[in-house]
Amino acid sequence: MFNCLFPFKAVDREKDPITYKIYSGDVNGNFALQQNSGHLVLDKPLDRESLDHYILVITASDGRPDGTSTVMVNVVVTDVNDNDPVFNYSLPMNLTVTEEQDNAFIGQVMVRRFSAYFHKINPEAKTQLHL
């Protein structure tokens, strides 16, 4: 059984049965809307790195040509730390350091791509690497 993300509820004054549908915005087919109950559920897992938000247009209809209503729903996908940093193993692994020398420069770690993307998501975040 799927967990309901949101239960849509439309009311028809004539008490006609209402059917619900995702009209647009589900570009990857991640969502399902139960036609009779109006429960929005996840059909496939979301991946923030692929798409970080959806604007779904949901319709409710009583079956008559003029009996349709729409609502726009903004779904924001929050980040989960599911990708570890990866070192570039084509770089040299052996470094030479002169003994008894304080604060000697032995190399640097470049995290440009990861850091730029990560800080775009969360400007307050700090990236730390320890040797």
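Me: Why is Thr59 counted as buried?
Reply: Thr59 has a relative accessibility of 10%, and buried means under 20% relative accessible area, exposed over 50%, and partly exposed in between, computed with a 1.4 Å probe on protein chains only. Thr59 therefore counts as buried.

Me: On what kind of model, and on which conventions, do such statements rest?
Reply: This is a predicted model, in which local features need pLDDT of at least 70 and side-chain atom pairs count only at pLDDT 80 or more, while totals for chains, interfaces and linings use all residues. Residues are numbered from 1 along each chain as its sequence is written, and side-chain values use heavy atoms, with hydrogens and water left out.

Me: Where does Thr59 lie, and which residues is Thr59 in contact with?
Reply: Thr59 belongs to strand E5 (residues 53-61); strands here are DSSP runs (E, at least two residues), numbered from the N terminus. Contact means heavy atoms within 4.5 Å. Apart from neighbours within four places in sequence, Thr59 is in contact with Thr19, Tyr20, Lys21, Tyr23, Thr68, Ser69 and Thr70. The C-alpha atoms of Thr59 and Tyr20 are 5.6 Å apart, although 39 residues separate the two along the chain.

Me: Is Lys15 buried or exposed, and what makes its phi notable?
Reply: Lys15 counts as exposed because its relative accessibility is 73%. Its phi is near 65°, a positive value in a residue other than glycine. Most residues other than glycine have a negative phi. Lys15 is located in the loop between E1 and strand E2 (19-24).

Me: How do you know whether Asn30 is buried or exposed, and what does its side chain approach?
Reply: With 5% relative accessibility, Asn30 counts as buried. Asn30 sits in the loop between E2 and E3. A polar atom of its side chain lies 2.9 Å from the backbone oxygen of Pro45. Not counting residues up to four places away in sequence, Asn30 touches Val41, Leu42, Asp43, Lys44, Pro45, Leu46 and Tyr54.

Me: What makes E3 and E4 a pair?
Reply: Two strands pair if DSSP finds at least two bridges between them. E3 and strand E4 (residues 39-42) have 3 bridges and therefore pair, in the antiparallel sense. Phe31 has Leu42 in E4 as its bridge partner. E3 and E4 form a hairpin with 5 residues between them, and Gly38 in the turn has a positive phi of about 80°.

Me: Which strands are called edge strands, and why?
Reply: The open sheet has 3 strands in the order E1-E4-E3, with antiparallel pairing. Strand E1 (4-7) and strand E3 (31-33) are the edge strands, since each pairs on one side only. Neighbouring strands of this sheet are turned by 20° against each other on average, direction ignored. E1 and E4 are joined by 3 bridges and run antiparallel, with Cys4 opposite Val41 in E4.

Me: What makes a set of residues a nonpolar core, and which elements contribute here?
Reply: A nonpolar core is a set of buried Ala, Val, Leu, Ile, Met, Phe, Trp, Tyr and Cys residues joined through side-chain atoms within 4.5 Å. The largest one has 13 residues, and Phe8 and Leu56 have the most contacts inside it. E3, E5 and strand E6 (68-76) each give two or more residues to this core, and E5 gives the most, with 4 residues.

Technical notes
Axes fitted to C-alpha atoms, helices over the stretch in contact; angles between N-to-C directions. Polar contact = N/O pair within 3.5 Å; in protein donor to acceptor, adjacent residues only side chain to side chain.
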